[in-house]
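Open the model in your viewer and keep the sequence panel visible. The stops below go from the ligand outward.

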Amino acid sequence: MKEKIEAVRMAAKSAFAAAADLAAANHAKNKYLGRKGEGAALFKLMPSVDPAERGEAGKLLNELRQELEAVCEAKLNSLQPRSQAASIDTTLPGRDYFIGSYHPLTVVMREIIDIFRGMGYRVADGPELELVKYNFDMLNTPEWHPSRDESDTIYLPNGFVVRTETSPVQIRTMEKMQPPVRIISPGRVYRRDRPDATHSPMFHQCEGLYVDEGVTMADLKGTLLSFYRQLFGQDTNIRFRPHFFPFTEPSAEVDVTCPFCHGKGCRVCKQTGWLEMGGSGMVDPNVLAGVGYDIEKYTGFAFGLGIDRMAMLRFGMDNIRLLFDSDVRFLRQFAGMQPK
Ligand code: DAH
């Protein structure tokens, strides 16, 4: 019996060693470890073994089976990966990586800049930590005006505030140059607002300013009409509603035809057909005189438009927080989007 076991061991081991592919290895597995294989045949001989030697023979047989199973498994493992590698199609295109996308506000901001550049405007910049002098005083804001209130404005030491509007960039620009002045200034502004679906304590405005000889309210209206038609489509209209801003006289709030129902009335515009987009007016002579401009010679208009609102309309969002939560599941939707 011992010799027979030894013979099967030698034959099986050399068969596994010689197997060069999966088919050969499986063939050897069947031949030596299968139910009708040579190993099983040895077990069948057990009843004929001398009872005195049976215990020893059984032990050897079990050892043989364990050894061959280990050899067989090692062989199959060594062949498997190679056969998988052969099934990879190297001519398939590679996987794309997500390399980021424009933020929806960036898309809209660049479109705004592009449209105004086309009308001869330059982009001007200003600090977000602003002097009270520029944020309120030189914009002709009276001491009693509610926008100065500590419940609205974040005050800092040494005469600074976190700017509440982009309008102070008007003053900074005019202090540096003589008319004609034609600038826009997009950027962040801050107010003590309780956050909800349409309010955020940080949001975005785009300031505009044009000062030259003979600038009129008709120029203001024509400029804004042209801008909104390029942004929302040629069937867009605007309307002015009388208002008050300290730095403009007269002042107007600007409404735009609702781009969803084209003025017919829908849920977004609360059935009015119009959406409120910002403020505007003719620059108050006090402001022009404050920066040293000749108010007999020059007039100007200014406007301040809400950018977040434009982005929400443009992309059909109903909650301003989506813009600021930095949730990549939301932001990924803008992958590949370019400003128009
Ligand atoms: N600064 C104003 C605000 O934050 C918006 C505004 C209104 C800006 C009229 C202007 C303007 O330049 O002329 O509410």
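Which ligand atom lies 2.8 Å from a polar side-chain atom of R191? Select R191 together with the ligand: the partner of that polar side-chain atom is an oxygen atom of the ligand. The coordinates on screen are those of a predicted model.

**Stop 1: the ligand contacts**

Keep the ligand selected and add E165. An N or O atom in the side chain of E165 is 2.8 Å from a nitrogen atom of the ligand. Next add S167, where an N or O atom of the side chain is 3.1 Å from a nitrogen atom of the ligand. The protein buries 91% of the 360 Å² that the ligand exposes when taken alone.

**Stop 2: the shell**

Now show every residue around the ligand. There are 15 of them, and the closest are E165, S167, R191, Q205 and E207. Colour the shell by class to find 8 polar, 4 nonpolar and 3 charged residues. Then colour by strand: at least two residues of the shell come from each of strand 6, strand 9 and strand 10.

**Stop 3: the sheet of 7 strands**

Switch to a cartoon view and follow the open sheet in the order 1-5-6-10-9-8-7. The pairing in this sheet is mixed. Its edges are strand 1 (122-123) and strand 7 (238-245), each of which pairs on one side only.

Select helix 7, residues 168-176, which packs on this sheet. Helix 7 touches strand 1, strand 5 (181-190), strand 6 (202-213) and strand 10 (298-306). The direction of helix 7 makes about 40° with that of strand 6.

Move to residues 248-257 and 274-283, which are strand 8 and strand 9. How do these two strands run, and how many bridges join them? Strand 8 and strand 9 run antiparallel and are joined by 8 bridges. For one bridge pair, select S251 and its partner in strand 9, G281. In general, the strands of a sheet pair through backbone hydrogen bonds.

**Stop 4: the sheet of 3 strands**

Another open sheet has 3 strands in the order 2-4-3, with antiparallel pairing. Which strands are at its edges? They are strand 2 (129-131) and strand 3 (155-156), each pairing on one side only. Select strand 4, residues 160-162, which is joined to strand 3 by 2 bridges. To end the tour, pick Y155 and then V161, its bridge partner in strand 4.

Methods
Residues are numbered from 1 along each chain as its sequence is written. This is a predicted model: local features need pLDDT of at least 70, side-chain atom pairs count only at pLDDT 80 or more; totals for chains, interfaces and linings use all residues. Side-chain values use heavy atoms; hydrogens and water are left out. Two strands pair if DSSP finds at least two bridges between them. Helices (H or I, at least four residues) and strands (E, at least two) are DSSP runs, numbered from the N terminus. Contact means heavy atoms within 4.5 Å. Axes are lines fitted to C-alpha atoms, for helices over the stretch in contact, and angles run from 0 to 180 degrees between N-to-C directions. A residue is near a molecule or strand if one of its heavy atoms lies within 4 Å of it. A polar contact is a pair of N or O atoms within 3.5 Å; within protein, one must be able to donate a hydrogen and the other to accept it, and residues adjacent in sequence count only if both atoms are side-chain atoms. Accessible areas come from the Shrake-Rupley method with a 1.4 Å probe; for residues, only the protein chains shown count as cover. Ala, Val, Leu, Ile, Met, Phe, Trp, Tyr, Cys and Pro count as nonpolar, Asp, Glu, Lys and Arg as charged, and the others, Gly among them, as polar.
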